[in-house]
Every structure is written in C-alpha cells, then in structure tokens.
Amino acid sequence: MENLFSLAADNLVSPIILSFVLGVAASLARSDLSIPEAAAKALSIYLLFAIGFKGGVSVAAHGIDARLGLALLAGIILSAALPLVAFGLLRLMTAMSRLDAAAVAAHYGSISIVTFVAATSVLESRGIAAEGYMVAVAAAMEAPAILSALWLVARGGGGDSKGMDGALMREIMLNGSIVLLVGAFLIGWATGEEGLAEISSFIVSPFKGVLCLFLLDMGLVAGRGLRQGGGILTPSVLAFGVLMPLIGAAAGLATALALGLTPGGVTLMMVLSASASYIAVPAAMRVALPEANPSLYLTLSLGVTFPFNLTLGIPLYVAVAQALTGG
Amino acid sequence: MQTHKAKRVEITIEAVMQSRLTDALKKAGVTGYTVLPVLGGSGKSGEWSRAGQVSRASGMVQVICIIRPERLDGLLEGAFAVVERHIGVVSVTDCDVLRAERF
C-alpha cells in the first residue's frame, strides 16, 4: 500500500502529468492556449514511431517465444469481450439507450495508445522491464471491440446500423496509427540494438519532453470536451467511466498472470484493457452508428477515463502488478 | 461577358464521410468538386471547433460542386444516400459560370 501511495505521488508530480493538468486547467479557464493541429499530429507521429521502434528493438534483443502469439490472441479476446461487459454495465447503471451503450462499450474494449505510451514511460523511469511485443498487442486490440459493438446493436434489432463494410474494415485496420506503430515495431525488430544506437539521440532522449507537449495538447482537448460535453456526465455515467477501467484492468491482470508475463508486461496488459479509445473507435462509430451520441462517448473516454488512468490508474496498475508478480 | 446558368451544391459533412461522399458524387457523374476544411461552427449537436480535436471523427469538411442544372437530381440522390443519417447540411444555390464546357 505504501508503494502504491509513493507511486501515485511520484506520478502526480511528474512533468508528464503536470503538463496534462496544465492543459485541462487552461482549457477550463478558457485560455486561448492551443497546440497547432499539424504540430499535434507531428508529436503523435513521433511518439508512435518511437514506442513502436523501441518495442521492436526489445523483441530483437530478447527474442520471441510462444507467449507472443498467446498475448496477441489474449489481447484480441479481451478487446472483443470487454465491450460486452461494458454494455451490460451501462444498461444496468445508466439510462443510456442500447445504441449509445453499444457505441460507448466499443471504446472500452479498444485501447488508448497515449495511455500505453505514458505507462511505458513510467515503467522505464522505474527500471521495470516489459515485453517489447506489447506494442503489437496494443495494435491487435484496436479493432475487435468495434465488431462486438456492432454485433450488440444488430442483436438488439438495430436494423439501421450500417454495420461493417469492407471500406470501414480497411480504414480501421489500416488506420495511420496502427500502420505506424506496427511498421516502426518491424523496423526496430529488423534493425535491433544497432538501429537504435543510430537514432537513439532522436527517439530516446527527447521522448519524455515530446510526451509532455503531447499531453499538454491532450489536456487542452480533454478540458474542452469536459466544458462542452460535461452536461451529459450524470453521476452514474461518471461512475461507469471510473469503474469500467478498473474492471478492464482486473481482466487484463488475470490474463497477463495466466500468460506469465513480466511485471512490466502485466502492467501494460492492465493498461491496455483499462484504457478507452478516442481516435480509431469514434471515427468508426461515426460511420457505422451515426445515430449514437458522439459527445457521450468522447467525453467519457477522453474526459473521464483517460485522466483517471493517467493520474491514478497507471500507478495503481504498476503497484498491483509488482505486488502480484513479486517484481 | 457571356455567362451560363449552373447549380452550386455545398455539402457540409463529417470528415470521416468525405471519401464516401466523393465516391458517390463520382458515381453520379460529377467530375469536379472542391473539398474545404471547416474551422468550426454551431448547430443542432452543439458548438464545436476544429482546433485541438484529437480525433478526425469530430471534424467537418465542406464539399462544393458546381454542375449543370440537368445533373442536379442525380447528384442529390447520390449525395443524400450518404449524408441522410449524418450530421451536416446540404444546400443548392443558383450561380453563373464563365466557361460552361468545364461543368
């Protein structure tokens, strides 16, 4: 417990979290502070490339084992199953319509890559090793949740649902973030430590500084979302936004322990299962379920669950993973 | 200078639907259109702004095409099939163009 408080305190006063808090505060105070759209895009490209590359280098250094395939499979199953839990919980806890509940549920089966990047950064600063292939697991967990949500709508007689056509499937699977993450992972894997040595001054040293700026932008966006969509956050909806990541993390924990992952790997599996998408899934929902309320799922995912995971969730998941693996 | 009657169709739609809309326009025989980014606005779904959106799911674009009047019905039918269930605005105005052969 002491470890948990110490981790949480360290996390809360880290430059990364404080940058996010600054963004939220500036946005809530209606400051005109903003990160230009193209700059924010460049920062996200940098982070995805760096995290993918480093994951690939780690796999090159430690080799692959059967756990990689199992972890990928487990990630896909978690991504497909968590929306069913989220959907049930939403229907039980809130007055959300079936359509809105399914759309929100999709977000909670999919993942937030920024939460994953932030968790990786916390693990690195604490010297906790993690399996490099967790980057590939992150990419694999992006899409199955969307299929589950569409199934939930179709099962309830959602005749108006556009469903998953070939074009939408291609857009999701070839989403720029996934292509960059997996591509950088493969480059890192192919070039190994030597490749990393060549570009480490670019992708290792500046990493945390760039992450700070990116989280400042995320804070601005989250604050704006809360300001504009805060009205939809009833106590029960808000409670779901905090409860569901804990349920997801518990499912990720059980899965990672069964797979025998390292403390870092267990933490990352918890983070992936606990986080909610706000990039790929909202776009897919706008195409497939346009009648679902976007401010509901964006505000919940970005305004509630993302800050919760970033500030309290990650230290909690690290502490639990360390306590249960003896790491 | 000689001018010719034409129809200007402006479709403001979610960015995620842009390629689907332009595909539908091409199918309806529209060969020329212009896509503009939309900075922000306010409507039935509330106020929004392009600045700082983390997801393109929240962005909007405007597709503008200028066509001969006889092509209007085909265009609107094709476009409506795409935009029907989505946030957006479709408007048609009369306009004059200088070089009719281009439309």
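The paragraphs below go through chain A, then chain B, and end at a place where the two chains touch.

The structure is a predicted model, and a reading of chain A may begin with how confident that prediction is. The mean pLDDT of chain A is 90, with 96% of its residues at 70 or more. Within the chain, confidence is lowest in helix 1 of chain A, residues 2-12, where the mean is 73, and highest in helix 13 of chain A, residues 263-274, where the mean is 97.

In its secondary structure chain A has 15 helices and 0 strands. The radius of gyration of chain A is 19 Å, which agrees with the value near 20 Å that a compact globule of 327 residues would have. Taken along the principal axes, the C-alpha atoms of chain A fill a box of roughly 55 × 45 × 40 Å, and 52% of the 327 residues count as buried. Of the contacts in chain A with a separation of 6 or more, 88% are accounted for by residues that lie 24 or more positions apart.

One helix pair in chain A can be followed residue by residue. Two packed helices are described by the angle between their axes and the distance between the axes. For helix 5 (residues 98-109) and helix 15 (residues 294-325) of chain A, the axes come within 9 Å and cross at roughly 30 degrees, and the crossing of these two helices of chain A is right-handed. Helix 5 of chain A contributes Asp100(A), Ala103(A), Val104(A) and His107(A) to the contact, while helix 15 of chain A contributes Leu296(A), Tyr297(A), Leu300(A) and Ser301(A).

A backbone detail of chain A is found in the loop between helix 2 (15-28) and helix 3 (37-62), where Arg30(A) lies. Most residues other than glycine have a negative phi. Arg30(A), however, has a positive phi, near 60 degrees, although it is a residue other than glycine. Arg30(A) counts as exposed because 10 other C-beta atoms lie within 10 Å, and the cut-off for exposure is 12 or fewer.

Chain B has 2 helices and 6 strands, and along the sequence these follow the pattern β-α-β-β-β-β-α-β. The C-alpha atoms of chain B fill a box of roughly 45 × 30 × 20 Å along the principal axes, and of its 103 residues 27% count as buried. Among contacts in chain B between residues at least 6 apart in sequence, 82% join residues at least 24 apart.

Strands of a sheet pair through backbone hydrogen bonds, either parallel or antiparallel. In chain B, 4 strands form an open sheet in the order 2-5-1-6, with antiparallel pairing. Strand 2 (34-37) and strand 6 of chain B are the edge strands, each of them pairing on one side only, and from one strand to the next the twist averages 20 degrees. Helix 2 of chain B, residues 72-83, packs on this sheet and touches strand 1, strand 5 and strand 6 of chain B, with a direction that makes about 0 degrees with that of strand 1 of chain B.

Strand 1 of chain B, residues 4-14, has a partner on either side in the order of the sheet. To strand 6 of chain B, residues 88-97, strand 1 is joined by 10 bridges, and the two run antiparallel. In this pairing Lys5(B) stands opposite Asp96(B), and Lys7(B) stands opposite Asp94(B). With strand 5 of chain B, residues 60-67, strand 1 pairs in the antiparallel sense over 8 bridges, and here Glu10(B) stands opposite Ile64(B).

The last stop returns to chain A, at Pro290(A) in the loop between helix 14 (280-288) and helix 15 of chain A. Pro290(A) counts as buried because 20 other C-beta atoms lie within 10 Å, and the cut-off for burial is 20 or more. The C-alpha atom of Pro290(A) is separated by 9.8 Å from that of Leu99(A), although the two residues are 191 residues apart along the chain. Once its neighbours within four places in sequence are left aside, Pro290(A) is in contact with Arg85(B) and His86(B), and it is with these residues of chain B that the walk through the model ends.

Conventions: Residues are numbered from 1 along each chain as its sequence is written. Chains are lettered from A and ligands numbered from 1 in the order in which they are written. This is a predicted model: local features need pLDDT of at least 70, side-chain atom pairs count only at pLDDT 80 or more; totals for chains, interfaces and linings use all residues. Two strands pair if DSSP finds at least two bridges between them. pLDDT is the predictor's confidence in each residue, from 0 to 100. The radius of gyration is taken over C-alpha atoms; the globule rule is 2.2 Å times the number of residues to the power 0.38. Two residues are in contact if their C-beta atoms, placed from the backbone, lie within 7 Å. Axes are lines fitted to C-alpha atoms, for helices over the stretch in contact, and angles run from 0 to 180 degrees between N-to-C directions. A crossing is left-handed if the near helix is turned anticlockwise from the far one by less than a right angle, and right-handed if clockwise.
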